[in-house]
Every structure is written in C-alpha cells, then in structure tokens.
Amino acid sequence: MLFLDEATAGVDPISRREFWDFIYRMAGEGASILATTHYMDEAEYCNKVGMMYDGRLVKVASPDSIKGEISGQLAAMECDPSDKAEKFLRGQADVLDVSLHGALLHVLLPSKKVKSNLLKGLKNEGIAVTHFEFIQPSLEDVFISMIEKQLQAEAPA
C-alpha cells in the first residue's frame with residue numbers, strides 16, 4: 001500500500017507525467033495506492049475518487065460515474081469579449097451554469113436545442129463567438145457544478 005499526499009504539487013509537467021507512469025505501473029503490479037491531489041486531470045485516471053469541499057467528503061465514486069451525473073449538455077465557447085459573454089450567459093434562462101476555463105467558457109445547457117437561440121442572443125449583444133463545441137464534462141466541470149448547486153441550496157432565501 002502506498003500513500004501519496006499531493007505528490008506532484010510543484011512538479012514540472014514532464015516529471016509529473018513520468019511520476020504517474022511509474023504509479024500506474026505499480027498499480028498494475030498489484031499495489032494499492034491512495035493519492036490526494038488537487039489536479040482533477042490526475043484524478044480522472046483513478047479507479048475511485050473522493051471529492052472534498054470545505055473539509056467534507058461530498059462524493060465517492062468512479063470518475064465515469066461522477067461525470068455521468070451532470071445533467072445537460074456541456075459546451076466550450078470562446079467569445080469576444082469574454083467577460084461580457086459570461087455576464088450575458090449567466091442571465092439566460094436556458095443556461096444552467098457558466099464557468100471560466102482559461103480562454104474558454106464552459107456553458108452547461110439543458111439540451112443541444114438551445115444552441116441557435118443562445119448564439120443569436122450573443123450576436124445581438126455584440127459578442128463574437130469564435131469557437132463553439134459540445135464537449136464531454138471533466139471531473140472539474142462536474143465538481144464545479146456540484147458545489148455551485150450545493151452553495152445555492154444552502155444560501156439564505
């Protein structure tokens with residue numbers, strides 16, 4: 001059994017990849033490995049993930065199971081100006097969630113059907129959409145959505 005606590009924090013990307021290749025080989029040889037990480041992309045490769053927020057364990061399941069719980073269709077969008085697009089999208093009834101991922105906005109929609117109306121609305125606001133695609137949610141997308149729902153449920157009315 002191997003316990004790792006934030007073992008790749010502060011490690012350069014090449015060494016980080018080599019480290020995880022070594023860990024995967026050990027697991028393939030029968031070692032049990034318990035790792036903590038704040039890198040959601042690392043958690044994607046685990047058999048089981050425990051997600052924590054505010055000192056509490058909020059979910060334990062396989063990455064695929066967790067990602068399957070997101071309701072709706074996730075789109076990645078690049079808009080100009082992005083801050084105006086984010087504000088506009090947050091005010092739309094057909095938008096379930098919006099989060100910034102680098103230069104992209106990840107927008108959770110109830111279905112793919114709302115795409116054309118959303119793009120039309122952005123255009124009417126003077127916002128250029130330079131990239132739009134439906135994507136598979138990552139653990140980070142699901143975690144953000146899950147925590148935002150929890151915070152909304154806990155917020156005073």
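In this predicted model, the buried residues of helix H5 pack against four elements, namely strand E5 (73-80), helix H4 (82-90), strand E7 (104-109) and strand E8 (128-135). The residues in question, within a helix that spans residues 115-124, are Leu118, Gly121 and Leu122. Because these residues cover an arc of only 100 degrees around the axis, they lie on the same side of H5. On the other side of the helix, Asn117, Lys120, Lys123 and Asn124 are exposed, and the two sets of residues can be set out as follows.

| Set of residues in H5 | Residues |
|---|---|
| Buried | Leu118, Gly121, Leu122 |
| Exposed, on the other side | Asn117, Lys120, Lys123, Asn124 |

After H5 comes glycine 126, and the phi of this glycine is positive, with a value near 80 degrees.

A second topic is the empty space inside the model. Rolling a probe the size of a water molecule over the atoms shows where such space is left. The structure holds one cavity of 30 Å³ or more, and the volume of the largest cavity is about 60 Å³. Which residues line the largest cavity? The lining is made up of Ile70, Leu74, Asp97, Val98, Ser99, His106, Val107, Leu108, Asp141 and Ser145. When these residues are sorted by class, five are nonpolar, three are polar and two are charged. At least two residues of this lining are supplied by each of strand E6 (97-101), strand E7 and helix H6 (139-154). Strand E7 therefore appears in both parts of this report, since the buried residues of H5 also pack against E7.

Methods. Residues are numbered from 1 along each chain as its sequence is written. This is a predicted model: local features need pLDDT of at least 70, side-chain atom pairs count only at pLDDT 80 or more; totals for chains, interfaces and linings use all residues. Side-chain values use heavy atoms; hydrogens and water are left out. Buried means under 20% relative accessible area, exposed over 50%, partly exposed in between (1.4 Å probe, protein chains only). The arc is that of the directions from the helix axis to the C-beta atoms. Contact means heavy atoms within 4.5 Å. On a 1 Å grid over the protein atoms alone, a cavity is a set of points where a 1.4 Å probe fits but cannot get out, and a pocket is an open set with protein on both sides within 12 Å along at least five of seven lines; lining residues have an atom within 4 Å of a point. Grid points are joined across faces, edges and corners, and a volume is the space filled by probe spheres set on the points. Ala, Val, Leu, Ile, Met, Phe, Trp, Tyr, Cys and Pro count as nonpolar, Asp, Glu, Lys and Arg as charged, and the others, Gly among them, as polar.
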